[in-house]
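Here is a brief report on one protein chain. The sequence and model come first, then the notes.

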Amino acid sequence: MKIVLLGYGKMGQLIEKFALKRGHEVVLIVDAHNRESITIDDLEGADVAIDFSTPDAALSNISLCFESDLPIVVGTTGWYEHMQEVRDTCIEAEQSLLYGSNFSIGVNIFFHINRLLAQAVDPYKQYDVQVEEIHHVHKLDAPSGTAITIAEGIIENSSSKSSWVNEVVGEESDVINKPDELLIESLRIEEVPGTHTVLYSSEVDQIEFKHTAHNRDGFALGAVVAAEWLNGRKGFFQVTDIFDFNK
Ligand SMILES: NC(=O)C1=CN([C@@H]2O[C@H](COP(=O)(O)OP(=O)(O)OC[C@H]3O[C@@H](n4cnc5c(N)ncnc54)[C@H](OP(=O)(O)O)[C@@H]3O)[C@@H](O)[C@H]2O)C=CC1
Ligand SMILES: O=C(O)C1=N[C@H](C(=O)O)C[C@H](O)C1
């Protein structure tokens, strides 16, 4: 496939490496320095775009791809408030978009088990649940997209929690979650690639369910595999659509 990379930072550069390894070609690299000058003509002839840019940039990159009839895989996080409108536009305009807060196989297995775990614990009201995410200090958004997906999986399968609230540890804030609010705690530590933990605590014990990324390779390879999956498909998709255990 001929791939356009939207964002060429930590993730964009790794995605290029995995794309080349899998026999693809990177035909255009877009970052903050050249984005303003990119037009529909520059995307002509490409098969797919992969966006790992910034929360502020994602929406306009998505629009550019829709205008260019170019399928897009979006890994950028932090633009969720626009998800419904992007979905509607994608379907109305008969475009192709696949979004994932996390493309690694391990995290997608984690998402699946997280839902089952929430169902299993739900009858036992002595447990309160909380989510913790740890990322590097350069991260622009909090909570992480992955933590939001985890929280949504818990809320959908729990009769005790109906929404989530976020606390960034170390920032001045007075977040006190109500009993029906799921607390997501965000920590920013050095160069941590991404650690997510779900904690169920009772008076007598604690269940900890944790995923630790050792590096970013799983995210990058997963994004290339997602682009291959999207090739030839029309519509709005989530990374969960790729995995058989969700069917
Ligand atoms: N879904 C997943 O599996 C994962 C998602 N992510 C998400 O991916 C995103 C990127 O992460 P990461 O690579 O670590 O971030 P970086 O900060 O390392 O890279 C961001 C890149 O985006 C570029 N950029 C800025 N504005 C634009 C624009 N308007 N158009 C195109 N590119 C632009 C920057 O350019 P410049 O350098 O010139 O400023 C930079 O190259 C984040 O939202 C992160 O949360 C990260 C890992 C996994
Ligand atoms: O910014 C990051 O680095 C990551 N972002 C994604 C997120 O917000 O969940 C995925 C991964 O955890 C790394």
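The notes below cover the overall fold, the annotated site and some backbone details.

This is a predicted model: local features need pLDDT of at least 70, side-chain atom pairs count only at pLDDT 80 or more, and totals for chains, interfaces and linings use all residues. Residues are numbered from 1 along each chain as its sequence is written, while chains are lettered from A and ligands numbered from 1 in the order in which they are written.

**Overall fold**

The chain has 7 helices and 11 strands. These are DSSP runs, numbered from the N terminus: helices are H or I with at least four residues, strands are E with at least two. The C-alpha atoms fill a box of roughly 60 × 40 × 35 Å along the principal axes. The radius of gyration is 19 Å, which agrees with the value near 18 Å for a compact globule of 247 residues. It is taken over C-alpha atoms, and the globule rule is 2.2 Å times the number of residues to the power 0.38.

Of the 247 residues, 37% count as buried. Buried means 20 or more other C-beta atoms within 10 Å of the residue's own, exposed means 12 or fewer, and partly exposed lies in between; C-beta atoms are placed from the backbone.

**Annotated site**

An unreviewed UniProt entry places a "binding site" at Asp-31, Gly-75, Thr-76, Thr-77, Gly-100, Ser-101, Asn-102 and Phe-103. UniProt positions follow the numbering used here, feature names are shortened, and annotations may be inferred rather than shown by experiment.

Thr-76 sits in the loop between β4 (72-74) and α4 (83-92). Thr-76 is buried because 25 other C-beta atoms lie within 10 Å. Not counting residues up to four places away in sequence, its contacts include Gly-7, Asp-51 and Ala-58. Contact means C-beta atoms, placed from the backbone, within 7 Å.

Phe-103 is in the loop between β5 (96-99) and α5 (105-121). Phe-103 is also buried, with 26 other C-beta atoms within 10 Å. Leaving aside neighbours within four places in sequence, Phe-103 contacts Gly-75, Phe-219 and Val-239, among others.

**Backbone details**

Most residues other than glycine have a negative phi, and most peptide bonds are trans. Two residues with positive phi are tabulated here.

| Residue | Phi | Loop | C-beta neighbours inside 10 Å |
|---|---|---|---|
| Asp-69 | near 60 degrees | between α3 (55-67) and β4 | 13, partly exposed |
| Glu-94 | near 55 degrees | between α4 and β5 | 10, exposed |

A cis peptide bond joins Ala-142 and Pro-143, with omega about -5 degrees. Pro-143 lies in the loop between β6 (128-135) and α6 (145-156).

Technical notes: Two residues are in contact if their C-beta atoms, placed from the backbone, lie within 7 Å.
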